[in-house]
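These are my notebook entries on a structure that is new to me. I looked things up one at a time and wrote down what I found.

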Amino acid sequence: MRAGCWAHVRRKFYEATNGIKSQMSLGRQFVKLINRLFAIERHTNGISECERLDVRQRKAVPIVEQIFQLVEQTQVIAKSKLGRAIQYLLNQKQALMVYLTDPQVAISNNVAERSIRPTVMGRKKTGCLVRARRVPKLMPFS
């Protein structure tokens, strides 16, 4: 089972707030709703898994439903930033819903991504990327 990352969704909608002027406020509405999901999640730190699942079911599920209702009511240009954000949300819908039914799944994978960043950045800085090297042609000995 694959879980989606609400932080990635939020980032797409945040980028959409800098797009077409008529769609900026709509992008902000999505960001505000997603921020509410993260606020709920912050309040679940330190509680049991059973309690976390209960809080998610009572408080987060209605907000997620509201997000998808807003998508249904929204008409946008498909290639706009907001259109791409909505398409990303719809493509990830099943994976995004996983955290609502499994208390062990985080709302985002930011912690995992931050933990691997030093390794990846270190590889980039030192040039330690695996590359195919060109072998120089040997000249026949005459």
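I began with Asp54, which I found in helix H3. The model I am reading is a predicted one, and I keep that in mind for every value below. I asked how far Asp54 is open to the surroundings, and its relative accessible area came out at 39%. Because exposed would require over 50% and buried would require under 20%, Asp54 counts as partly exposed. I then looked along the chain from Asp54 to Pro103, 49 residues away in sequence, and noted that their C-alpha atoms are separated by 9.0 Å.

**Entry: the chain as a whole**

I stepped back to list the elements, and I counted six helices and zero strands in the chain. Read from the N terminus, the order is therefore written α-α-α-α-α-α. The chain has 142 residues, and 35% of them count as buried. I also looked up how the contacts are spread along the sequence: among contacts with a separation of 6 or more, 73% are between residues 24 or more positions apart. For the accessible surface of the chain I noted about 10,200 Å², with 54% of that belonging to carbon and sulfur atoms.

**Entry: H2 against H3**

At what angle do helix H2 and helix H3 pack? For H2, which covers residues 21-42, and H3, which covers residues 49-73, I read an angle of about 175°, and their axes lie 9 Å apart. That angle makes H2 roughly antiparallel to H3, since the term applies to angles over 145 degrees. On the H2 side I found Leu26, Phe30, Leu33 and Leu37 among the residues in the contact, and on the H3 side the list includes Val55, Ala60, Ile63, Val64 and Ile67. Charged residues take part as well, including Arg36 and Glu41 of H2 and Arg52 and Lys59 of H3. Sorted by kind, the residues of the contact of H2 with H3 are 13 nonpolar, two polar and five charged.

**Entry: H3 against H5**

I turned next to the packing of H3 with helix H5, residues 93-101, where the angle is about 155° and the axes are 9 Å apart. H3 is thus roughly antiparallel to H5. From H3 the contact draws on Leu53, Arg56, Gln57, Ala60, Val61, Val64 and Phe68, while H5 brings Lys93, Met97, Tyr99, Leu100 and Thr101. I sorted these residues too, and the contact of H3 with H5 divides into eight nonpolar, two polar and two charged.

**Entry: Val64**

Val64 is in helix H3, and I had met it in the contact with H2 and again in the contact with H5, which made me look it up separately. Is Val64 buried or exposed? Its relative accessibility is 1%, and Val64 therefore counts as buried. Leaving aside residues up to four places away in sequence, Val64 touches Trp6, Leu37, Met97 and Leu100. For Leu37, which is 27 residues from Val64 along the chain, I noted a C-alpha separation of 8.0 Å.

**Entry: Arg2**

Near the start of the numbering I looked at Arg2, whose place is in the segment before helix H1 (6-16). With a relative accessible area of 53%, Arg2 is exposed. Which residues does Arg2 touch, not counting those up to four places away in sequence? I found Gln92, Ala95 and Val98. The side chains of Arg2 and Gln92 are joined by a polar contact of 2.9 Å. The C-alpha atoms of Arg2 and Ala95 are separated by 5.7 Å, although the two residues are 93 apart along the chain.

**Entry: Ser80**

My last lookup was Ser80, which is found in the loop between H3 and helix H4 (81-91). Its relative accessible area is 7%, so Ser80 is buried. I traced the side chain of Ser80 to the backbone nitrogen of Gly83, which it reaches at 3.0 Å. Ser80 also touches Ile20 and Gln23, when residues up to four places away in sequence are not counted.

Key
Residues numbered from 1 in each chain as written. Predicted model: local features only at pLDDT ≥ 70, side-chain atom pairs only at ≥ 80, totals over all residues. Heavy atoms only, no water. Axes fitted to C-alpha atoms, helices over the stretch in contact; angles between N-to-C directions. Helix = DSSP H or I, 4+ residues; strand = E, 2+ residues; numbered from the N terminus. Parallel < 35°, antiparallel > 145°, perpendicular 65-115°, else oblique. Contact = heavy atoms within 4.5 Å. Buried < 20%, exposed > 50% of the residue type's maximum accessible area, 1.4 Å probe, protein only. Polar contact = N/O pair within 3.5 Å; in protein donor to acceptor, adjacent residues only side chain to side chain. Areas by Shrake-Rupley, 256 points an atom, 1.4 Å probe, with all protein chains shown as cover.
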